[in-house]
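Biologist: I'm new to this one, so could you walk me through it? I'd like to hear how each label is earned.

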Amino acid sequence: MEGIPAVKLSARTALPLAALALAGLTACAPGTSDNSAKSDDKSGTLRVWLFQEVSNGPKQQVVDKAVAAFKQAHKGAEVQVEYIPVETRAQKIKAAFNDPASAPDLIEYGNTDTAGYVKDGGLADVSAEFAAWPEAKDTDPTAKQSVTVGGKVYGAPLFVGVRALYYRTDVLKDLNVAVPKSQDELIAAAKKIHRARPDLYGLAVGGAYTYGALPFLWAHGGELATENGGKYTSAIDSAAARKGIEAYTSLFGDDNCPAAKCAQMGGNATVTAFANGKAAMAIGGDFNHAAVEAGTVKGTYAVVPLPGLTAGSVAPAFAGGNNIGVLKSSSHRTLAVGLMEQLAGKATQRGLFDAMGFLPTYTDVRADVAKKQPFVEPFVRTLASGAKFVPASPGWGQIDSSLVLPTMFQEIVSGKKDVAKASTDAAKRMNDVFGAAG
């Protein structure tokens, strides 16, 4: 859920610095005692916690419609929805795991929080119900991965967020620069633009923009970590990963995005630079579209998938997003699963796209909305090309919130360490956390 502007803070999980700092707290917290429900009541009131959006009215209307449909199909069931702040969600949800009597039956949660919440013993295993749910067969594989830990499913994907390459059509045309079709072309184009227009970053990059950097690492065949028997080991210091790190950090400097200005930038800052006309290109999400449209570049930009190594290929992007899960402590499990399916079902996801711009997690529904809204197409194509996810370790939140990767990038671009030394040190820090997380 990282790098989301405030208006969509609850969205994408991509959010590491603010929200994942909280996820890190959750991941570090001691595990809860067994809080499994002792009954499965088929009537009564279901309590639901969803994330509060800055502009929550449109989301609430979609949710109210889904709740009404659920109640129509389940006589005797009532639903109470509470919208909770994203910023304090980790503490509130952790407290709910420890106090089943006051806990809700369902929660919305960031997809990078899954492993930590499973370790805390808070989420119910809904593998059987998910497998039997007809709509689930159309779920994007990466979205399903975001609710899966140890081969078991702990919720339903609600929406997904992904990044692509925003570029200024007028600047590229004026400078006779072709739209980049490979990563080498992207880097060369960025530097050519900055040479010709020193007032512009060729490609806005950020030393604290983890999810903007990862496509470079993944495109070179690198991985964040490897998994064996449920245990994770950092792979950030592998030869392939180092090539990707080198490619990304080569964009920091006086020939594109000066380290003094760009080393501290996160995802929001790079997108803001683009929206304000200070960058010719930027890596931004579908969830950044509204912010760019509200900027000075409206009408003079386009979006294509971020290119991979070979011409015409697409660099793997991080698939952020949110999920809906049933708490293990719910005394209305059957009803709660039914409401989960209603809230995360195709009709509701279509409604959330129309109301909030949240990308559906179903491949068929995504294809439909792309026809309705052309700006979605490059993001859908990026997802179809094979997006990736973070390690399903409860330690990931702590790794992200303690800025292990941004520190590595910043050490490199400042000249403090070379790629080999910085990645070796980052790998050690990651392994310390993975080892402690179990």
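**How the labels are earned**

Modeller: Sure, and keep in mind that this is a predicted model. Let's start with the largest pocket: by class, its lining has eight nonpolar, two polar and two charged residues.

Biologist: What makes residues of that lining count as charged?

Modeller: Asp, Glu, Lys and Arg count as charged. The lining includes Glu223 and Lys388, so these belong to the charged class. Trp218, Leu224 and Phe389 line the pocket too, and Trp, Leu and Phe count as nonpolar. The space in this largest pocket is about 190 Å³.

Biologist: Tyr232 is in the lining as well. Which aromatic pair does tyrosine 232 form?

Modeller: The count for the structure comes to 14 aromatic pairs. In one of them, tyrosine 232 pairs with phenylalanine 434, at 5.9 Å centre to centre and 35° between the planes.

Biologist: Why is that pair called tilted?

Modeller: Ring centres must lie within 6.5 Å to pair, and 5.9 Å passes. Planes under 30 degrees apart would be stacked and over 60 edge-to-face; 35° is neither, so the pair is tilted. The pair also links distant parts of the chain, with tyrosine 232 in strand E10 and phenylalanine 434 in helix H20, 202 residues apart.

Biologist: How do you know whether phenylalanine 434 is buried or exposed?

Modeller: Its relative accessible area is 4%. Buried means under 20%, so phenylalanine 434 is buried.

Biologist: And tyrosine 117, buried or exposed?

Modeller: Tyrosine 117, in helix H4, has a relative accessible area of 1%, so it is buried by that cut-off.

Biologist: Why is cysteine 257 said to form a disulfide with cysteine 262?

Modeller: Their sulfur atoms are 2.0 Å apart, and the cut-off is within 2.5 Å, so the two cysteines qualify. A search of the whole structure finds one disulfide. Cysteine 257 and cysteine 262 are both buried.

Biologist: What makes this disulfide left-handed?

Modeller: The torsion about the S-S bond is about -85°, so the disulfide is left-handed.

Biologist: Last one: how do you know that the charged end of lysine 92 sits over the ring of tryptophan 49?

Modeller: The charged end is 4.5 Å from the ring centre, and the rule asks for within 6 Å, as well as within 35 degrees of the ring normal. Lysine 346 is placed over the ring of tyrosine 362 too, 5.6 Å from its centre.

How values were computed
Residues numbered from 1 in each chain as written. Predicted model: local features only at pLDDT ≥ 70, side-chain atom pairs only at ≥ 80, totals over all residues. Heavy atoms only, no water. 1 Å grid on protein atoms, 1.4 Å probe; cavity = no way out; pocket = protein on both sides within 12 Å on 5 of 7 lines; lining within 4 Å. Points joined across faces, edges and corners; volume = space filled by probe spheres on them. Helix = DSSP H or I, 4+ residues; strand = E, 2+ residues; numbered from the N terminus. Buried < 20%, exposed > 50% of the residue type's maximum accessible area, 1.4 Å probe, protein only. Phe/Tyr/Trp six-rings, centres within 6.5 Å; stacked < 30°, edge-to-face > 60°.
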